[in-house]
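Visitor: I would like to learn how to read a pocket and a sheet in a model of this kind. Could you take me through them one feature at a time?

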Amino acid sequence: MNRSAAEIVREYGPFPDVDHVHGVTYDGRHVWFAAGDKLIAFDPASGKTVHSIDVAARAGTAFDGQHLFQIVEDRILRIDPKTSRVLATIPAPGGGGDSGLAWAEGTLWVGQHRDRKIYQIDSQTGAILRTIESNRFVTGVTWIDGELWHGTWEGDESDLRRVDPRTGEVLERLEMPLGVGVSGLESDGGDQFFCGGGRSGKVRAVRRPRRSSPAG
């Protein structure tokens with residue numbers, strides 16, 4: 001397993017009237033984060049907020065290329081970011097204990113915080129398709145170039161982990177500085193991760209390790 005210190009390349013925030021950052025996602029232009037009673041979007045170039053949607057948002061957030069998905073207690077909402085309308089609702093697999101959320105290849109991947117699991121679910125019905133075990137609290141979840149990553153946070157220790165999506169084996173760890181937590185996770189599709197900073201009210205950009213060849 002590769003193990004290294006996470007390289008934080010930028011911090012965004014704290015943002016006005018935001019005391020906690022939960023889920024994080026990226027729509028190709030803007031970073032969205034769950035801020036308790038709303039979803040907030042900001043421009044990662046300037047750091048300025050550009051939009052918000054009033055919705056309960058205390059857990060994972062995802063984007064499928066067209067819609068936002070937001071965990072709200074025991075449900076997952078599909079939201080039109082242009083109109084702020086909730087278009088559909090499916091059950092969340094953890095019944096209220098869900099944390100991270102990611103979209104990949106037509107399905108949703110849902111982190112289970114204290115149960116230390118990641119579920120792959122059908123995005124239309126919520127049916128569980130696969131379960132991956134972890135040995136740490138799972139916060140954020142993301143996919144990039146065929147790699148499954150998730151955040152962890154227990155006590156003052158937090159890291160980003162690349163895991164085998166079939167077995168859950170940890171393949172790589174990026175360790176955050178002591179006391180810097182990861183409450184949500186998303187890739188920018190390139191060389192950075194966006195990480196929710198929990199009670200700090202910040203979102204941090206972390207360098208993704210370079211690959212000499214595409215992941216298998």
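Guide: What follows takes the pocket and then the sheet, and please keep in mind throughout that this is a predicted model.

Visitor: How does one look for empty space, and what volume does the largest pocket have?

Guide: The general idea is that rolling a probe the size of a water molecule over the atoms shows where empty space is left. In this model, the largest pocket comes out with a volume of about 520 Å³, and 25 residues line it.

Visitor: Which residues of the lining lie nearest the centre of the largest pocket, and which strand supplies the largest share of that lining?

Guide: Nearest the centre lie H22, R58, D98, S99 and H113. As for the strands, β6 (49-57), β8 (68-72), β11 (98-104) and β16 (147-154) each supply at least two residues of the lining, and β11, with three residues, contributes the largest share.

Visitor: How many residues of each class are in that lining?

Guide: Sorted by class, the lining of the largest pocket consists of seven nonpolar, 11 polar and seven charged residues.

Visitor: Let us turn to the sheet. In which order do the strands of the open sheet stand?

Guide: The open sheet is formed by four strands in the order β3-β4-β5-β6, with antiparallel pairing. Because β3 (24-26) and β6 stand at the edges and each has a single partner strand, one side of each is left without a neighbour in the sheet. On average, and with direction ignored, neighbouring strands of this sheet are turned by 20° against each other.

Visitor: How should I read the pairing of β4 with β5, and how many bridges join them?

Guide: Strand β4 (residues 31-34) and β5 run antiparallel and are joined by four bridges; V31 stands opposite F42 in β5, while F33 stands opposite I40. These two strands form a hairpin with one residue between them.

Visitor: And what is the bridge partner of F42 in β6?

Guide: That partner is T49, and β5 and β6 pair in the antiparallel sense over six bridges. Their hairpin has six residues between the strands, and within this hairpin G47 takes a positive phi near 80°.

Visitor: Is β5 largely enclosed or largely open, and why?

Guide: As a general point, in a regular strand the side chains alternate between the two faces of the sheet. For strand β5 (residues 36-42), five of the seven residues are buried, so β5 is largely enclosed by the rest of the structure.

Definitions and conventions: Residues numbered from 1 in each chain as written. Predicted model: local features only at pLDDT ≥ 70, side-chain atom pairs only at ≥ 80, totals over all residues. Heavy atoms only, no water. 1 Å grid on protein atoms, 1.4 Å probe; cavity = no way out; pocket = protein on both sides within 12 Å on 5 of 7 lines; lining within 4 Å. Points joined across faces, edges and corners; volume = space filled by probe spheres on them. Nonpolar A, V, L, I, M, F, W, Y, C, P; charged D, E, K, R; others polar. Buried < 20%, exposed > 50% of the residue type's maximum accessible area, 1.4 Å probe, protein only. Pairing = 2+ DSSP bridges. Axes fitted to C-alpha atoms, helices over the stretch in contact; angles between N-to-C directions.
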